[in-house]
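Student: I am new to this structure and would like a close look at one part of it. Could you pick a charged side chain, show me what it meets, and then follow the strands outward from there?

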Amino acid sequence: WDGTSGSIIRYQGNFIGSITNISIIEITDDTNLPRISYENFSYQDALGSELVTNGDFATDSDWDLIQSSISNDKLTISTLDGSYSSARQFNALVIGKTYLFTIDVESVSNGSIAVGNSNLNITSSGIHTGYYVSNSTAVEIKRNTFGSATNVIVNSISVKEYSGQEVVPDS
């Protein structure tokens, strides 16, 4: 073969062996082969199951409360002296995993709160969501404004493990 047309096989390195069969297939764009289009798919978060017990605050069980209280289906985090206050559930999370939280805050009349070690500083009422990589095994809602009074009322919280994005079926 003269090497000016067709395929070239080049030897490089320390190959020891033999080649007994070579198959060459031309790839063109005018075939009727079925192809997967990766355009126009929609995606959703791949989430684990709910990790918070009694996240609707129907009772004050399951929560370790420090300068906080649960009554009438609401969590109140309130401190006048700026000292630490929180509501926690131990052994719910795995350190190093990513979590999605959704918290429904009824009112913030002073100060702010945070969920776990998230960077979301919640200073207003409404539904707030965020992701964070946990540095603790506890789900925690805590006062985030140190040295000042805090009064926050929470309606509910949800925490689920986040494992990335997945394609929505039939999208």
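**Starting from Lys-74**

Tutor: Let's start with Lys-74, which counts as partly exposed because its relative accessibility is 26%. That value falls between the limits for the class, since buried means under 20% and exposed means over 50%. Please keep in mind that this is a predicted model.

What does the side chain of Lys-74 meet? The side chain of Lys-74 forms a salt bridge with that of Glu-106, at 2.7 Å from N to O. Lys-74 belongs to strand E4 and Glu-106 to strand E6, so this pair ties together parts that are 32 residues apart in sequence. Glu-106 has a relative accessible area of 36%, and therefore it is partly exposed as well.

Now look at the strand that holds Lys-74. Strand E4 covers residues 74-79 and is joined by four bridges to E3, with the two strands running antiparallel. Strand E3 itself covers residues 68-71. Which residues of E3 are on its covered face, and which are on its uncovered one? Ser-68 and Ile-70 make up the covered face, while Ser-69 and Ser-71 make up the uncovered one. Across from Ile-70, in E4, you will find Leu-75.

E3 and E4 form a hairpin with two residues between the strands. Within this hairpin, Asn-72 has a positive phi near 55 degrees. That is worth a pause, because most residues other than glycine have a negative phi. Just before E3 there is another case to look at. Gln-67, also not a glycine, has a positive phi near 50 degrees. Gln-67 sits in the loop between strand E2 (64-66) and E3, and its relative accessibility of 38% makes it partly exposed. A third example is Asn-91, with a positive phi of about 60 degrees. Its place is in the loop between strand E5 (86-89) and strand E6 (98-110). Asn-91 has a relative accessible area of 67%, so it counts as exposed.

At the other end of E4, there is a link to a buried residue. Thr-150 touches Ile-77, Ser-78 and Thr-79, and its other contacts include Asn-110, Gly-111 and Arg-143. Thr-150 is located in strand E10. Is Thr-150 buried or exposed? With a relative accessibility of 2%, Thr-150 counts as buried.

Let's return to salt bridges, where we began. How many does a search of the whole structure find? The search finds three. Besides the pair made by Lys-74, there is one between Asp-64 and Arg-88, whose closest N and O atoms are 2.6 Å apart. Asp-64 is in strand E2 and Arg-88 in strand E5, so that pair ties together parts 24 residues apart in sequence. Asp-64 is partly exposed, because its relative accessibility is 28%.

Another salt bridge joins Lys-97 to Glu-161, with the closest N and O atoms 3.5 Å apart. Lys-97 lies in the loop between E5 and E6, and Glu-161 lies in strand E10, so here the parts tied together are 64 residues apart in sequence. Lys-97 is partly exposed, with a relative accessible area of 34%. Glu-161 is also partly exposed, at 27% relative accessibility.

Strand E10 takes part in an aromatic pair too. The count of aromatic pairs comes to four. In one of them, the rings of Tyr-131 and Tyr-162 have centres 4.8 Å apart and planes at 65 degrees, so the pair is edge-to-face. Planes count as edge-to-face when the angle is over 60 degrees. Tyr-131 is in strand E8 (residues 126-133) and Tyr-162 in strand E10 (residues 150-167), so the pair ties together parts that are 31 residues apart in sequence. Tyr-131, at 44% relative accessibility, counts as partly exposed, and so does Tyr-162, at 21%. Elsewhere, ring pairs link Tyr-99, Phe-101 and Tyr-132 into a cluster.

To retrace the path: Lys-74 in strand E4 is paired with Glu-106 in strand E6, E4 is bridged to E3, and Thr-150 touches Thr-79 among its contacts.

Methods
Residues are numbered from 1 along each chain as its sequence is written. This is a predicted model: local features need pLDDT of at least 70, side-chain atom pairs count only at pLDDT 80 or more; totals for chains, interfaces and linings use all residues. Side-chain values use heavy atoms; hydrogens and water are left out. Buried means under 20% relative accessible area, exposed over 50%, partly exposed in between (1.4 Å probe, protein chains only). Two strands pair if DSSP finds at least two bridges between them. Rings of Phe, Tyr and Trp (its six-membered ring) pair if their centres lie within 6.5 Å; planes under 30 degrees apart count as stacked, over 60 as edge-to-face and the rest as tilted. Contact means heavy atoms within 4.5 Å. A salt bridge is a side-chain nitrogen of Lys or Arg within 4 Å of a carboxyl oxygen of Asp or Glu. Lists of a residue's contacts leave out its neighbours within four places in sequence.
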